[in-house]
Protein chains: 2
Amino acid sequence: MNDVLRPSPWQVVHSERIVADRWIDLRADTCIDAQGRTISPYYVLEPADWVTVLALDENDRAIALEEYRHGAGVVGLGLVGGAVDEGEDPRDAALRELREETGCMAAEIIDLGSTWANWGNQTNRSHHFLARGCRRVADQSLDDTEMIVVRTEDLEDLGARLEQSYHLLTWLKAMNHLRAERAS
Amino acid sequence: MNDVLRPSPWQVVHSERIVADRWIDLRADTCIDAQGRTISPYYVLEPADWVTVLALDENDRAIALEEYRHGAGVVGLGLVGGAVDEGEDPRDAALRELREETGCMAAEIIDLGSTWANWGNQTNRSHHFLARGCRRVADQSLDDTEMIVVRTEDLEDLGARLEQSYHLLTWLKAMNHLRAERAS
C-alpha cells in the first residue's frame, strides 16, 4: 500500500467558525481525503505564532520567569515568551516580550529556528531565540493580570527545571548553539 | 513589587464548556487572581496526554513517518506519536502507537521524561520516549482516515528535517540520552 499511495493534502469542503475572539480562533472543517473519505469534524486552532526566548544576562546567567500558568494550574519557572503581533517580525516580538516581561534589552539576539507548534491541529509556528548580554533598562510592562517574578538562574541547571515543552526545546537548541560555537 | 507579591493560582469562579466531543474539550473560565482582579474569558483546552517516540530499528536507523498534517496543511516527516488513552500508562501508549503506526515492536523503550504541552492554555502533558531495536512484526493498524508512509532515516540527519516542536524536542532529548550513554 505504501508503495502506491502517498499522503496528500485534504480538500476542505466546509469550514465553520466555532469560537472567534481576541483570545482564541477555533474552526471545524469538513474534509475529503485523496481516497474520497470524509473527515468531519476536524478541529483546527489558529493561534498567532509564538516566540520563546532564552535570555542570558551580561554574566551569562539565564533570565527565568516565575509565573502562574492556568492551563496546568501551577506556578512554574519558564522562559520569556508570548505571541507575535499581526505583521510583526518574530525577532521583534522576541525583543518586545523580553522588554515587557523583564525590562531588559539584549546586546545580541540569535534566531535558533522555528517549528510548527502542533501541526496536526494548529496553524501556527513557534520561533526560538537566544538573547545575550541582557541588561535591565526599564521596569516590566505587564498586562493588567500578569504577575511575573524575574529570576536569574545558572544556565546549565535551568535545563533540568524547565517544565514546558517549548521552553525546554528552546533551551536545548540554545545549548547546542553555544556548544557548536565553543567547538568552532 | 517582585519582593512582596508572589505569583499564585487563580480562583475559578465560573467555568463554561464551549466544545466537548470526541476530538476536543474546550472550556472558558472566569477567574479571580490574588489581587482580586477578574480574568474572563480564559480559554483552556483539555486534550489527553500525548506521547512522542523516537524509534530506532535494529541498525540504529530512525523510523520516521510521512503524513499529512491538516493544522499546518503540509505533508511532513515526523515521529511516531499520538494521544494516551484514558487510564493508559504513557509507556504503553508509546508502544501501542509504535505498533499501530509502523507495525513495529521495540526491544527496549526508554522514558525521556515529560513536559507540560503548553501550560498557559492546555491541561495536558507531553511524554517523550526512545524506542530501540524496533522490528516489523505486523502490518500497520491505522484509523480509517490515516495515511502514513513509514521511512527509515539516518538518526543524525533526521534532526535537521523534523519540523514539529514535540518531535524535535524528543529527538534532542534522545540525542542527549545517547550522548550521555556513550560518555559513561
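These legends describe close-up views of a predicted model with chains A and B.

**View 1. The two chains are related by a two-fold axis.** Chain B can be laid on chain A by a turn of 180° with a shift of 0.0 Å along the axis. The RMSD of this fit is 0.0 Å. That is the relation of a two-fold axis. Which C-alpha of chain B is nearest the axis? The C-alpha of B:L169, 2.6 Å from the axis, holds that place.

**View 2. Chain B meets chain A.** In this contact, 53 residues of chain B touch 53 residues of chain A. Several elements of chain B give two or more residues to its side of the contact. Among them are the strands β1 (11–20), β2 (25–32) and β3 (38–45). The helix α3 (165–183) of chain B is also one of these elements. By class, this side of chain B has 29 nonpolar, 16 polar and 8 charged residues. Why do the copies meet through the same surface? They do so because 100% of the interface residues of chain B are also interface residues in chain A.

**View 3. Three strands of chain B form an open sheet.** The strand order is β1-β2-β3, and the pairing is antiparallel. Which strands of chain B lie at the edges? The edge strands are β1 and β3, and each pairs on one side only. From one strand to the next, the twist averages 20°. Look at the pair β1(B) and β2(B): 8 bridges join these antiparallel strands. B:V19 has B:L26 in β2(B) as its bridge partner.

**View 4. A:L26 sits in strand β2 of chain A.** This strand covers residues 25–32. Is A:L26 buried or exposed? A:L26 counts as buried, because its C-beta has 22 neighbours inside 10 Å; the cut-off for buried is 20 or more. Leaving out residues up to four places away in sequence, A:L26 touches A:I18, A:V19, A:Y43 and A:L45. A:L26 also touches B:L26, in the other chain. A:V75 is 49 residues away from A:L26 along the chain. The C-alpha atoms of A:L26 and A:V75 are separated by 27 Å.

**View 5. Chain A is assigned two domains.** Domain 1 of chain A covers 11–45. Domain 2 of chain A covers 50–183. How far apart do the C-alpha centres of these domains lie? The centres lie 31 Å apart.

**View 6. Strand β4 of chain A is largely enclosed by the rest of the structure.** The strand covers residues 50–57. Of its 8 residues, 7 are buried, so β4(A) is largely enclosed. In a regular strand, side chains alternate between the two faces of the sheet.

**View 7. β4(A) and its partner strands.** How many bridges join β4(A) to β10 of chain A? There are 7, and these strands run parallel. A:V53 has A:F129 in β10(A) as its bridge partner. Strand β7 (residues 80–83) of chain A runs antiparallel to β4(A), with 4 bridges between them. Here A:T52 stands opposite A:G81.

**View 8. The hairpin of β4(A) and β5(A).** These strands run antiparallel and are joined by 2 bridges. A:A55 stands opposite A:I63 in β5(A). The hairpin has 4 residues between the strands. Which residue in this hairpin takes a positive phi near 60°? That residue is A:D60.

Key
Residues numbered from 1 in each chain as written. Chains lettered and ligands numbered in written order. Predicted model: local features only at pLDDT ≥ 70, side-chain atom pairs only at ≥ 80, totals over all residues. Contact = placed C-beta atoms within 7 Å. Nonpolar A, V, L, I, M, F, W, Y, C, P; charged D, E, K, R; others polar. Domains from an automatic or database assignment. Buried ≥ 20, exposed ≤ 12 C-beta atoms within 10 Å, placed from the backbone. Pairing = 2+ DSSP bridges. Least-squares fit on C-alpha atoms with pLDDT ≥ 70 in both. Axes fitted to C-alpha atoms, helices over the stretch in contact; angles between N-to-C directions.
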